[in-house]
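Here are a few exercises to work through with the model open beside you. Try each one yourself before reading the solution.

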Amino acid sequence: MSKRWKRIAFFLSVMGPGIITANIDNDAAGITTYSVAGAHFGYALLWTLIPTTLALVVTQEMVARMGVVTGKGLSDLIRENYGVKATFYMMLGLFVANMGTTVAEFAGLAASMEIFGASKYVIVPIGAASIWLLVTKGSYITVERILLAACLLYFGYIVSGLMSGPDWSEVARGTLIPTIKSDPEFLMLSIAIIGTTITPWMQFYLQSSIAEKGLRKSQYKLVRLDVITGCFLTDIIAFFIILACAATLFKSGIRINEASEAALALAPLAGNYASLIFGLALANASLLGAIIVPLATAYYICEAMGWERGVNKSFREAPQFMWIYTFMIVAGSVIILLPGAPLVMLMVTSSVVNGLLLPFVLVYALSLVNNRKIMGDYTNSKAYNVISWATIIAIIILTAGVITTIILPALKGYGGGR
């Protein structure tokens, strides 16, 4: 076997955590954000994906590096270095946030399949049972391979984008020349595009999956390649979602509020196949999110409490891990099926908590990655620290913007509606 093929084989053996974590961040909420951005403002917001990709690469690479050097999850390291009390309150907040996110994933699944005439009372229970069986009865390698295969369906958005007939000169202008508008909705979506791409659960899931897979320092370069590949892939998909909606819905003056509406509206404009692909890709993204977000929750809570965890474990070996995962799946699916359930309130609350926690999570991660007792020679360089702190400060500012311009008005509106 030639050296080139050996390198490819080694990469394929390591590949998984980085690509899966980044791609599944394009969940129901993310796809909705990109669809609305394209439908409402055309190609004007494409440029925001460039700084978003840089920020995503910086944060994910740091966390992955800690995973291969320490062989531990992020919750483990926070508990060991900052105490049980700080860890407990962070885990409590993350649990609340992830519960709301899980509900959003099942809502996305229900909405996407209703496009094809399927009832949520059938689809949601089948989806919940399927992903529960996958994780509780399968091995880590089996789950990872299925998730990687499912990630291929995201390329359906690229197909939809190409079928929509975009104006490539306008696409290039929107990508390379930053556009700023005073329109509050434009500013809101600019913030939301970056905010929906970097979330607290991603940091915990990525490091935990690297630790469970047993990846170590000797494989760091390949892990890094896996992470960077995942970050670029997820934002390429986001690029084509915006592009598809810009070339069709924006051009025709059609405004939407949900990704499922975009799938329906694409049919007469880009053809039934583009609409079908868009809808199926949304269902796929929602299902993957419903697998990973509860899994991330089970990982970081068990790490924080020192309990056994891992997909390779059985209910008997890791009861807390399996029951937390089971609770998230059951609760998330049941809430979707309840008549009059406060879905908007749950999703908005989860966004608030995610926004408040993300800066703390990233500051913890940056502090840990610069601790030589933990990382040895794998700490950040000075230049990397400058980029990392700039990213964190930008995220804090953007988070404050999201809470001020999006979340607080939504909460007031919900409260007023009650």
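**Exercise 1.** In which helix is the place of S160? Then decide whether S160 is buried or exposed.

*Solution.* Keep in mind that you're looking at a predicted model. Start with the location: S160 sits in helix α9, which covers residues 155-163. Next, check the relative accessible area, which is 1% for S160. The cut-off for buried is under 20%, so S160 counts as buried. Finally, look at the neighbours: leaving out residues up to four places away in sequence, S160 touches A244, A274, I277 and F278.

**Exercise 2.** Work out how the length of helix α4 compares with the span expected for it.

*Solution.* First, count: α4 runs over residues 49-70, giving 22 residues. Second, take the distance from its first C-alpha to its last, which is 31 Å. Third, compare: at 1.5 Å a residue you'd expect 32 Å, and the helix comes close to that. While you're there, look at how covered α4 is: 18 of its 22 residues are buried. Just after the helix comes G71, with a positive phi near 70°.

**Exercise 3.** Find the nonpolar surface patch and say which helix gives the largest share of it.

*Solution.* Begin with the members: F116, V159, M163, Y273, L276 and L280 make a patch of about 550 Å². Two elements give two or more residues to this patch, namely α9 and α15 (272-305). The largest share comes from α15, with three residues. Now zoom in on L276, which lies in α15. Its relative accessible area is 35%, so L276 is partly exposed.

**Exercise 4.** Stay in α15 and describe the surroundings of V293.

*Solution.* V293 also has its place in helix α15, but here the relative accessible area is 0%, so this residue is buried. Skipping residues up to four places away in sequence, V293 touches N98, T101, T102, E105 and W201. Then try T21: V293 and T21 are 272 residues apart along the chain, yet 9.9 Å separates their C-alpha atoms.

**Exercise 5.** Zoom out: how many helices and strands are there in the protein?

*Solution.* Count the elements and you get 19 helices and zero strands. Now check burial: 56% of the 418 residues count as buried. For contacts between residues at least 6 apart in sequence, 83% join residues at least 24 apart. Last, the surface: the accessible area is about 17,500 Å², and 67% of that belongs to carbon and sulfur atoms.

Terms used:
Residues are numbered from 1 along each chain as its sequence is written. This is a predicted model: local features need pLDDT of at least 70, side-chain atom pairs count only at pLDDT 80 or more; totals for chains, interfaces and linings use all residues. Side-chain values use heavy atoms; hydrogens and water are left out. Helices (H or I, at least four residues) and strands (E, at least two) are DSSP runs, numbered from the N terminus. Buried means under 20% relative accessible area, exposed over 50%, partly exposed in between (1.4 Å probe, protein chains only). Contact means heavy atoms within 4.5 Å. Accessible areas come from the Shrake-Rupley method with a 1.4 Å probe; for residues, only the protein chains shown count as cover. The expected span of a helix is 1.5 Å times one less than its number of residues. Patches are made of residues with over 30% relative accessible area and no salt bridge: like charges are joined within 9 Å, nonpolar side chains (Val, Leu, Ile, Met, Phe, Trp, Tyr) within 5 Å. A salt bridge is a side-chain nitrogen of Lys or Arg within 4 Å of a carboxyl oxygen of Asp or Glu.
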